Amino acid sequence: RRLKILVCGGGNGAHCMAGVAGSHAEIDVKILSLFEDEAERWSNILKSNFLTVYEPLVNGGHMEISTKPKLVTNDPEKAVEGVDIVFMVVPAFAHSQYITAIAPFIKPNTLIVGMPGQAGFEFQCINILGQKSSQLAIASFESLPWACRVDDFGKHVQLIGFKDVLGMSVVTGKDCKIPFPIVDTIQDIFGKKPAINLVQNYIAINLMAKSIIHPPLMYGHWSNWDGKPVRKKPLFYQGVDPKQANLLSKVSDECILTAKKIEKLRNDLKMKDVIHIFDWYKTYYHDEITDDSSLMMAMKTNAAYDGLLHPMKNVEGGFVPDFNYRYTREDIPYGLVVMKGIAELAGVPTPTMDEIITWAQNKLGKEYLVNGRLTGKDLKEARAPQSFGFKTLDELFNI
Ligand code: NAD
């Protein structure tokens, strides 16, 4: 039987996923975009064009895959009809819109994959899907399998780099039976890289979400900024300095402390995959990094990060940082705030996360954290366990 998949989204990752999956003759790919007129535009483009994934190779050559998705639509009913797997490939702030749209139409024994789920994905899915979630499975990847950028909407996406390995967790509802092997099927779609590492529980994946990377770099770079426009957009990863690397390292330490404490409190849980960000770079980007002598150098010499810049807005006299870009808008409420929430339930202090959240929430005009506790007025908009009424650690393992 043919595998039918739905890709939700219309950005970089969605283009790449649609192209990579579509390269398999036995897979049907549909795309759902709810953003503005994206579905209509993409659909029209595909009438006379293919979708091409362009992959530069290290030896200077390149690979190309050209495919035609079966359907691009903004109609959630048509999109989800007959589908075996739904891949959510949108920034986390768009998840609730997509889950809400497909919820009435999704059939039992469908797999929903957050790609990446980003922290709090499972809490949000279950909250929106309600009773239906017991008949579904929810998988979550710790990051996107690729670094990729659309260079011509609907037609052309650059696959800049692969991760070597990528963690995924699966929560299967008690009345759900997925009729295919989950890991093998997704691995077949991806191809050789990244190799999927099945992680034992979803809280580990939440603590591994790569949303920890951007906020410490933003905070480290801009917290003492004088507010004056700068002449050039700074390099984001290649520009990492010791202060930024140290902040990131400390946030990662706080995630590990939380994981270790959870393992101590609940000895049925394995949290060994929650590793330090430096070890993660060395393992997951092994082939892309040329100097792994320190976290800072590993980031600066990671080929998958070549040329990526700080998110900036054009103003008179130069550029100013865009604090509404997903590096803060996504990675605070659907990232650090969630990890902080899990740490709070585990009774682990997180001074570095607190410092960064306090700065970033101010830039976002939001309030999640008050005096080191997640009691802010905007907490409901975030995805911490506390945003959905979880009060104890044990409750997280009875979803
Ligand atoms: P993107 O920025 O390309 O996503 C843009 C798309 O999201 C739009 O085309 C639209 O379909 C949707 N969207 C944007 N604003 C919306 C809104 N207000 N309402 C509804 N939909 C909206 O994102 P991406 O680069 O594909 O990344 C997807 C996820 O993967 C994110 O969580 C990102 O952090 C993560 N990620 C991306 C990369 C990468 O290289 N692109 C690498 C690692 C992780």
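## Helix α1 and the sheet beneath

In this predicted model, helix α1, formed by residues 12-22, lies across the four strands β3, β4, β9 and β10. The helix runs at about 95° to β3.

## The four-stranded sheet

The strands that α1 crosses make up an open sheet, ordered β4-β3-β10-β9. Strands of a sheet pair through backbone hydrogen bonds, in either a parallel or an antiparallel sense. In the present sheet the pairing is mixed. Strands β4 (62-67) and β9 (146-152) are the edge strands, each pairing on one side only. From one strand to the next, the twist averages 20°.

The pairing of β3 with β4 may be described further. Strand β3 spans residues 51-56 and pairs with β4 in the antiparallel sense, over six bridges. L51 has T67, in β4, as its bridge partner.

## Two domains and their contact

The domain assignment of the protein divides it into domain 1, residues 3-198, and domain 2, residues 210-396. Their C-alpha centres are 24 Å apart. Contact between the domains involves 19 residues of domain 1 and 22 residues of domain 2.

On the side of domain 1 that touches domain 2, the elements giving two or more residues are α5 (121-129), β10 (156-162) and β11 (165-172). Helix α5 gives the most to this side, with three residues. Strand β10 thus has a place both in the open sheet and on the side of domain 1 that touches domain 2. By class, that side of domain 1 has eight nonpolar, eight polar and three charged residues.

Notes
Residues are numbered from 1 along each chain as its sequence is written. This is a predicted model: local features need pLDDT of at least 70, side-chain atom pairs count only at pLDDT 80 or more; totals for chains, interfaces and linings use all residues. Domain bounds come from an automatic or database domain assignment. Two residues are in contact if their C-beta atoms, placed from the backbone, lie within 7 Å. Ala, Val, Leu, Ile, Met, Phe, Trp, Tyr, Cys and Pro count as nonpolar, Asp, Glu, Lys and Arg as charged, and the others, Gly among them, as polar. Two strands pair if DSSP finds at least two bridges between them. Axes are lines fitted to C-alpha atoms, for helices over the stretch in contact, and angles run from 0 to 180 degrees between N-to-C directions.
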